[in-house]
Amino acid sequence: MDTQNAQELTPVPETTDQEREDLCLLCGERAIDRTENPDAKTCAGCQAKHLPIKAPIWVQLCVVLALALLIQAFVSLPKAAGDQRQLAQAEAHMAMREYQYAANQYVELLEVYGDSKELATRALEAAVSAQNFEGAYWVLDTYLFNRDLDDNLYQRVYPLSELTQRVLATSGQFGVILKEATAGMPENASDEETKKMLADIRAQAEAMLGDPTYEPAIVLCHLAMIAEDGAQASEYLRRSIEANDRISFTRSLLGTQLRRAGRLEEARQAYADGLRLNALDFDSLRGQSVLEMLEGRKEEALVLARRAYEIAPKGEYIAQTLCVALVENGLAEEADAVEALARDHEVDFDADGEYALYREGKVSLRDYYVKGEEAIQL
């Protein structure tokens, strides 16, 4: 299977309200570090963490174009020639909708120009556009919270700050619901017990939809992950897109659901919509690669799979899809090398139970990727 089973949930101990308040908002594991900022809500590790995706070399060729477009400098923006080149590179990434790469560049500049509210705002815009809400919150917490902003910056920052905090609050609350629901579940729970648990989780998540603390699109996305069947999952995802049509990963999730159901043209449109919102949506690139393989365009599939792997080598099922595309193109030895490297970097190939069967020739390409209308996994 090419997604993890939503029913395989591991019991974890409950956390008290006080302990939860003292935990980092981003990782939810370490204590908040208020050494530098008494109002901080993140741990030292997350405060030090940078947005990790590195731009490929070819992207740097677009810097020349961006420099031509950068016709005026902001007073608060970098003035050194080298830093202006880096700023231009960030602007080039933004123009190409490669928002994560842009965010990386802005964050590097903020290490030198940390007082620039304009630069911090651009970093926030890039991170939110990339749907990297943890990174967006880090920018807010480090450079923008408790700072005076003029009207222009306030109008840009406020809605993004509110969205970021709603998204993180939603995921955090959903995590709490999962912890509480699974705390008393035995390891060998019956199908009926598991179904009841998932129904209880859905009921609690549905109740979140009426609370303005949470982002409805993300609530619906979580609900799709634990849907009863493919039809319900697709409906949740369509409602999620209606609730917030600027989030790209809901498009890729919908595309994968449609592909598993055998509705390939609808899946192709969903992936294309995701990439129009975010050119670095590696899940949509992966999805397009699978569609190309299913339709016999193996070389095109390999190009897309390599692109997705270049962006996010540790992304869920990204390495597996590249390996499948390599095998389909007669490059099994390279597939073995990619798999070995991925395993060395703790990519869990075993989570996808059918990958090994495919490599052994026991499952066909189509049976691996298309499950029919009853498919429920995303």
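How many helices and strands does the protein have? In this predicted model, the protein has 19 helices and zero strands. Of the 378 residues in the protein, 49% are buried. Among contacts with a separation of 6 or more, 62% join residues that lie 24 or more positions apart. The exposed surface of the protein comes to about 18500 Å², and carbon and sulfur atoms supply 51% of that area.

The largest nonpolar core contains 61 residues. Within this core, the residues with the most contacts are Met293, Val324 and Tyr369. With neighbours up to four places away in sequence set aside, Val324 is in contact with Met293, Tyr355, Tyr358, Leu365, Tyr368 and Tyr369. A second core, separate from the largest, has 32 residues, including Tyr106, Leu109, Ala126 and Leu160.

Tyr355, one of the contacts of Val324, is located in helix H18, which covers residues 353-359. The relative accessible area of Tyr355 is 2%, so this residue is buried. Beyond four places in sequence, Tyr355 touches Gln320, Cys323, Val324, Glu339, Phe349 and Tyr368. Tyr355 and Cys323 are separated by 32 residues in sequence, and their C-alpha atoms are 9.5 Å apart. Cys323 has 0% relative accessibility and therefore counts as buried. Cys221 is also buried, with a relative accessible area of 6%. A search of the whole structure for disulfides returns zero.

Helix H15 spans residues 298-311. H15 has 14 residues, and the distance from its first C-alpha to its last is 20 Å, close to the 20 Å expected at 1.5 Å a residue. The buried residues in H15 include Ala301, Leu302, Leu304 and Ala305, and Arg307, Ala308, Tyr309 and Ile311 are likewise buried. The packing partners of the buried residues of H15 are H5, helix H14 (282-294), helix H16 (318-328) and H17.

The count of salt bridges comes to 25. One of them links Arg307 with Glu98, the closest N and O atoms being 3.4 Å apart. Glu98 is in the loop between helix H4 (81-95) and helix H5 (99-110), whereas Arg307 is in H15, so this salt bridge ties together parts that are 209 residues apart in sequence. Both partners, Glu98 and Arg307, are buried.

Helix H4, on one side of the loop that holds Glu98, has 15 residues. From its first C-alpha to its last, H4 reaches 21 Å, close to the 21 Å expected at 1.5 Å a residue. In H4, the buried residues are Asp83, Gln86, Leu87, Ala88, Gln89, Ala90, Ala92 and His93. H4 is followed by Arg97, which has a positive phi near 60°.

Two further salt bridges were examined. The first joins the side chains of Glu266 and Arg263, with an N to O distance of 3.0 Å. Glu266 has 36% relative accessibility and so counts as partly exposed. Arg263 is partly exposed as well, with a relative accessible area of 28%.

The second joins the side chains of Arg343 and Glu339, with an N to O distance of 3.0 Å. Arg343 and Glu339 both belong to helix H17 (residues 332-344), where they are four residues apart, about one turn of the helix. An α-helix has 3.6 residues a turn, so residues three or four places apart point the same way. Arg343 counts as partly exposed because its relative accessibility is 35%. Glu339 counts as buried because its relative accessibility is 15%, under the 20% limit. Glu339 is also among the residues that Tyr355 touches. Elsewhere, Glu91, Glu118, Arg122, Glu125 and Arg156 are joined into one network by salt bridges that share partners.

Note on methods. Residues are numbered from 1 along each chain as its sequence is written. This is a predicted model: local features need pLDDT of at least 70, side-chain atom pairs count only at pLDDT 80 or more; totals for chains, interfaces and linings use all residues. Side-chain values use heavy atoms; hydrogens and water are left out. A nonpolar core is a set of buried Ala, Val, Leu, Ile, Met, Phe, Trp, Tyr and Cys residues joined through side-chain atoms within 4.5 Å. Buried means under 20% relative accessible area, exposed over 50%, partly exposed in between (1.4 Å probe, protein chains only). Contact means heavy atoms within 4.5 Å. Helices (H or I, at least four residues) and strands (E, at least two) are DSSP runs, numbered from the N terminus. Accessible areas come from the Shrake-Rupley method with a 1.4 Å probe; for residues, only the protein chains shown count as cover. A salt bridge is a side-chain nitrogen of Lys or Arg within 4 Å of a carboxyl oxygen of Asp or Glu. The expected span of a helix is 1.5 Å times one less than its number of residues. A disulfide is a pair of cysteine sulfur atoms within 2.5 Å.
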